[in-house]
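Open the model in your viewer and show side chains as sticks. This tour goes from one charged pair to the next.

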Amino acid sequence: MPLGPWRKKNKSTKEHLVENEEVGGGHTGAAGSLAKSAVNGAGLPPPPANLRPKLVFHTQLAHGSPTGRIEGFSNVKELYSKIADAFNISPPEILFCTLNTHKIDMDKLLGGQIGLEDFIFAHIRGIKKEVEIYKSEDALGLTITDNGVGYAFIKRIKEGSVVDGVKVICVGDHVECINGRNVVGIRHYEVARMLKELPKDKSFTLKLVEPMKAFEMLEPRSKGAKPPSDNKIGTGRGTLRLRSKGPATVEEEPTEFEEKAVKKVDDLLESYMGIRDTELAATMVEVGRDKKNPDEFAMALDETLGDFAFPDEFVFDVWGAIGDAKQGRF
């Protein structure tokens, strides 16, 4: 994989609201039976609406709202559009979603999979803030992720780091501008690279947007994502896998191998690239599970994830992590 770690290859119906519905857990409604879909279709256009999984999910705005019902989406962009329609807001107002909690809990962040009984909470734009930071160390101590539709945001702040000393910066803040450059629409790995390449011993400016919070939701600003141990996606009846390319598929709940391998690969993404992305990690595990050697795995990554060019050491470590998970060595 010769390109280095950071280079990219060239290559109307309103949903109704339910005023007094209990929010104790997700409820699932399905029109017709659903067989397990084939895990394929990268690069295919979204299927016609009448062929998409007929699943109904319940949703609320995280700072407080009535309950809405949404269905008929095939990817994250369509999901955000459905939520926006349900609450009469514009899709760009939504920063990210969490599953089964209204709190800014990065362990519960909606990624590429939604349990069929999960309840979706949408966190929308709140207060804007501009912060000047002196970069006294090479690493800022930030882990960046994105919402799948162009918003990069802070997923973790390392304790004792440069950013940890700037108390106005919080987990969940959307990174809107770096030194006056608008980074909306730029993928998380590019935003992480830009932050990493800022010169040491100089100041820089961040424009951030924090999620809107209800009064009772205000919590210590340092609470971020801890590596999940027993955190399973879904609640037992399967998951809806959302893909940036191709149709959504209904799959069985992740196996123990998949959960352990995805967690380890996500940790490696953070270590090598300063990002966390469970959808990307799950795709890499899916690509590598039947490959016989690292070279075959590297070629498959090139074919499947053409926008990325991972360093050789990273590919070898990912290959080793998948092998360790297969052997139960975690």
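What follows is a short walk through salt bridges in a predicted model.

**Overview.** Begin with the whole structure. It holds 15 salt bridges. Three of these pairs are stops on this tour.

**Stop 1: Glu190 and Arg193.** Select both residues. They form a salt bridge, and the closest N and O atoms are 3.0 Å apart. Now colour helix H2, residues 188–196. Glu190 and Arg193 both sit in this helix, three residues apart, or about one turn. Are they buried or exposed? Switch on the surface: both Glu190 and Arg193 are buried.

**Stop 2: Glu210 and Lys213.** Move on to this pair. Their salt bridge has its closest N and O atoms 3.5 Å apart. Check each partner's accessibility. Glu210 has a relative accessible area of 15%, so it counts as buried, the cut-off being under 20%. Lys213 has 26% and is therefore partly exposed.

**Stop 3: Glu270 and Arg276.** Select this pair next. How far apart are the closest N and O atoms of Arg276 and Glu270? The distance is 2.4 Å, and the two residues form a salt bridge. Arg276 is buried, with a relative accessible area of 3%. Glu270 is buried as well, at 17%.

**Stop 4: the network.** Keep Glu270 and Arg276 selected. Add Arg156, Lys263, Asp266 and Asp267. Salt bridges with shared partners join these four, Glu270 and Arg276 into one network. Label the six side chains and trace the links from partner to partner.

Key:
Residues are numbered from 1 along each chain as its sequence is written. This is a predicted model: local features need pLDDT of at least 70, side-chain atom pairs count only at pLDDT 80 or more; totals for chains, interfaces and linings use all residues. Side-chain values use heavy atoms; hydrogens and water are left out. Helices (H or I, at least four residues) and strands (E, at least two) are DSSP runs, numbered from the N terminus. Buried means under 20% relative accessible area, exposed over 50%, partly exposed in between (1.4 Å probe, protein chains only).
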